Each structure stands twice: as C-alpha cells, then as structure tokens.
Amino acid sequence: MHADIDFTPLTHPTDPPARTDPTANAVAHLALANGWQYYTHAVDQQLPGVVFREPNGGSRLSQRAVNIVRIPGTPMMEIGDSFYTKVAVGNQFTQRWGYLAADVGVAMPSVTMESRSNFAQNPLPATPAGALADERRSGLRVEAVPGAEFVANALLTPEVVGALDNRTYPLNVELNGRWLFLYAPRSLATDDAESWKHTLRTAQLLMDRIREIFPMDASSSGTEVHQSVAPMQSQGGRVNRMRVTWYLLAVVAAMGVAGGAALLFGGR
C-alpha cells in the first residue's frame, strides 16, 4: 500500500528557512511530495482515543497536536504528535504521544495493547473500563473488555506482535469503536523515514487483520469523525511514575541542602 511513498524529503532533507523547525520542515515537504495534507498544529482534537480524551469523555488538559499529516485513502489516516498537561504532586508535566488514527468503518470492542518497553517508559493514561489484563505474550500487555479477548487473539499474529514489540520502534494499539490508534511515547511525525515506514506497515498489518475478522459495511467511507467514546478507566499512578519519583527525590535533596545551609549559617 505504501511502497510508492516518496521519502526523499526525509532521507535528503532541504535546509529549512530561517527560524523554521527542521523536523516540521521535513514533515511538511514529505506531505507535499506525496499529495498529503499537512497542518502545523491543532487544538482540542475531537478524536476518541485515550491520548485525547479523559475517561469521562472530556478533552485532556491543554490537549493539542503538531505536525499533523492526513493521508487520503480508505481509511484516511492521520499521523501527528499530541500533547497534553498532566498534574501530579502539585506540579504540571507535559505528556507527548505520537499517534496514528484511522476510522476503519466497523465497530470493534475496546482493547488496548502496550509494548512492554513503552509501558515501562510511559504507560497509556487509561484502559477500557472493566478490562482484564493479559500478560501471557512476551513483550506485550493486552487489556480487553470481557468477551473481547478473541479480538486481541485474532489480531496478534506473530507478525503483528513482532511489529508492536519492535526493539527500535515499539508501538501501542487502541481499538475504540470504529477507530484504530497506534501510539508511542515519542514523535511519530518525525524526520526518521524508517519510523514512518514501520508505523505505516504496522497500521496496514492491523487493518488487514481487522478486515478479515469483522465484516465491513460497503457503504461506509471510513472518513467520518465520530464523537462516541468508549468507557475508559484512568490509570492514575501509571503515568509519570518515574518523573514523579525523580521530582520527589529532587525535593528531598533540596530540603537536605537547605537544612544543611541553615545549620551552617544559622549561628552566624
């Protein structure tokens, strides 16, 4: 499907104009070379995935995205880098998630699949409400609502598992109604051509399997934006655990330094 994509703007990038971000320049030229749409940024995207919406369906705090590329076809795909603000221990942290979104045109049960390397770095902020965790597969953590386990089992062929658990470019998956999402706690709208190739190949593998598992409605174009949001449960402490730990250690260290300074200078 993507064998004819021209990746020259990434493999042989042109010098960007002054005060222009090199990555944004390369991604914009990639879109132009292939007849895709490019958007510099968007605010409060109306996508139903866990990266974009709170478990109650509301938009995540300060949700926005940059370097958005829309690839025409059936289904149309959108790739970009999404950001939102997370509040923890009284401090605000910016969360970045590269994403691929595709409305595949057929209703699917709620499932999330996380590569263990991504999970260790930054777990997804939510999982399907009432989902059961399945950690039998090496390299993957799967959470599916009761009765949807067959979907995960059918999707996760050895080739798909290998693509998600890729050592260099690991990816997460979310099925949410008609939507297929790929996520990574790194940029997917990047100037790395190999990252693009791997992301698009993985999306194609999953969409091929989805078409085999679910009967497709021939009247569905797969390009509409639907607002329905699957019930999700927040993962709370999963997110920013390492960052919060380092913050607390820094606070303790600062208190120790301040206490030592007080003892040293207090008597003078």
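## Paired strands β1, β2 and β3

In this predicted model, strand β1 (residues 37–43) pairs with strand β2 (residues 64–71) in the antiparallel sense, over six bridges. One contact point of this pairing can be named: A42 has A65 in β2 as its bridge partner.

Strand β2 also pairs with strand β3 (residues 77–88), again in the antiparallel sense and over six bridges. Here I71 has M77 in β3 as its bridge partner. β2 and β3 form a hairpin with five residues between the strands, and in this hairpin G73 takes a positive phi near 145 degrees.

## The nonpolar cores

In soluble globular proteins, nonpolar side chains tend to be buried together. In this chain, the largest nonpolar core has 48 residues, and M113, L175, W196 and I210 are those with the most contacts inside it. Helix α6 (residues 193–213) supplies the largest share of this core, eight residues. Apart from this core lies another, of 15 residues, which includes V50, I68, A126 and Y183.

The surroundings of L175 may be examined individually. Leaving aside residues up to four places away in sequence, L175 touches M108, P109, S110, V111, V151, L155, L180 and I210.

## The chain as a whole

The secondary structure of the chain consists of seven helices and nine strands. Of its 268 residues, 48% are buried. The accessible surface comes to about 12800 Å², and carbon and sulfur atoms account for 57% of this area.

Among the contacts in the chain with a separation of 6 or more, 66% are between residues 24 or more positions apart.

Note on methods: Residues numbered from 1 in each chain as written. Predicted model: local features only at pLDDT ≥ 70, side-chain atom pairs only at ≥ 80, totals over all residues. Heavy atoms only, no water. Core = buried A, V, L, I, M, F, W, Y, C linked by side-chain atoms within 4.5 Å. Buried < 20%, exposed > 50% of the residue type's maximum accessible area, 1.4 Å probe, protein only. Helix = DSSP H or I, 4+ residues; strand = E, 2+ residues; numbered from the N terminus. Contact = heavy atoms within 4.5 Å. Areas by Shrake-Rupley, 256 points an atom, 1.4 Å probe, with all protein chains shown as cover. Pairing = 2+ DSSP bridges.
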